[in-house]
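Reader: Hello! I would love a close look at one part of this protein, taken residue by residue. Could you walk me through it?

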Amino acid sequence: MSVAGQYDCVTKSPMGDQKSVLTVNVDGDTWTGSNAGQMGALDINDGKVDGDTLTWTMDMKVPMPMKLEGTATVDGDTITGQIKAGAFGTMAMSGTRKA
């Protein structure tokens with residue numbers, strides 16, 4: 001099954017649970033998309049696909065400028081992973097594929 005699709009995600013951030021929709025558009029071994037939530041949408045940069053594993057970065061602007069580094073594994077309709085947020089450490093992320 002392709003890892004492409006949209007996922008309803010929750011990231012466990014220092015500011016509480018952040019809900020978002022992660023959009024994954026696969027092209028070979030790369031992917032593009034966005035992670036859209038309450039604080040706006042972040043474009044996916046450097047998206048790479050290795051089997052069922054996704055890696056990417058996002059340039060956060062609000063509430064402070066920071067480069068976020070993501071990695072996640074897709075298992076069927078479930079996505080689990082983490083977002084590294086500089087000095088704030090690593091935040092768990094999980095979600096399910098939208099129908």
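**A tyrosine and its surroundings**

Author: Happy to! Leaving aside neighbours within four places in sequence, Tyr-7 is in contact with Ser-20, Val-21, Leu-22, Val-24, Val-74, Asp-77, Ile-79, Thr-96, Arg-97 and Lys-98. Please keep in mind that this is a predicted model. Tyr-7 belongs to strand β1, and its relative accessibility is 0%, so Tyr-7 counts as buried, the cut-off being under 20%. One of its contacts is polar: the side chain of Tyr-7 meets the side chain of Arg-97 at 3.3 Å. Another partner on the list, Val-24, is 17 residues away along the chain, with 8.2 Å between the C-alpha atoms of Tyr-7 and Val-24.

Ser-20 is a good next stop. This serine sits in strand β2 and has a relative accessible area of 12%, which makes Ser-20 buried as well. Not counting residues up to four places away in sequence, Ser-20 touches Tyr-7, Asp-8, Cys-9, Asn-35, Ala-36 and Gly-37. With Asn-35 there is also a polar contact of 2.8 Å between the two side chains.

From here we can turn to the aromatic rings. Searching the whole structure gives one aromatic pair. Its members are Trp-31 and Trp-56, whose ring centres are 5.5 Å apart; the planes meet at 75°, which is over 60 degrees, so the pair is edge-to-face. The two rings come from distant parts of the chain, with Trp-31 in strand β3 and Trp-56 in strand β6, 25 residues apart. Trp-31 is buried, at a relative accessible area of 2%, and Trp-56 is buried too, at 3%.

Finally, since pockets may interest you, the largest one has a volume of about 580 Å³. It is lined by 29 residues, and the closest to its centre are Met-39, Leu-42, Met-60, Val-62 and Leu-68. Several strands take part: β1 (5–13), β2 (16–27), β3 (30–37), β4 (40–43), β6 (53–60) and β7 (66–75) each give the lining at least two residues. The strand of Tyr-7, β1, and the strand of Ser-20, β2, are thus among the contributors. The largest share, four residues, comes from β4. By character, the lining splits into 17 nonpolar, eight polar and four charged residues.

How values were computed:
Residues are numbered from 1 along each chain as its sequence is written. This is a predicted model: local features need pLDDT of at least 70, side-chain atom pairs count only at pLDDT 80 or more; totals for chains, interfaces and linings use all residues. Side-chain values use heavy atoms; hydrogens and water are left out. On a 1 Å grid over the protein atoms alone, a cavity is a set of points where a 1.4 Å probe fits but cannot get out, and a pocket is an open set with protein on both sides within 12 Å along at least five of seven lines; lining residues have an atom within 4 Å of a point. Grid points are joined across faces, edges and corners, and a volume is the space filled by probe spheres set on the points. Ala, Val, Leu, Ile, Met, Phe, Trp, Tyr, Cys and Pro count as nonpolar, Asp, Glu, Lys and Arg as charged, and the others, Gly among them, as polar. Rings of Phe, Tyr and Trp (its six-membered ring) pair if their centres lie within 6.5 Å; planes under 30 degrees apart count as stacked, over 60 as edge-to-face and the rest as tilted. Buried means under 20% relative accessible area, exposed over 50%, partly exposed in between (1.4 Å probe, protein chains only). A polar contact is a pair of N or O atoms within 3.5 Å; within protein, one must be able to donate a hydrogen and the other to accept it, and residues adjacent in sequence count only if both atoms are side-chain atoms. Contact means heavy atoms within 4.5 Å.
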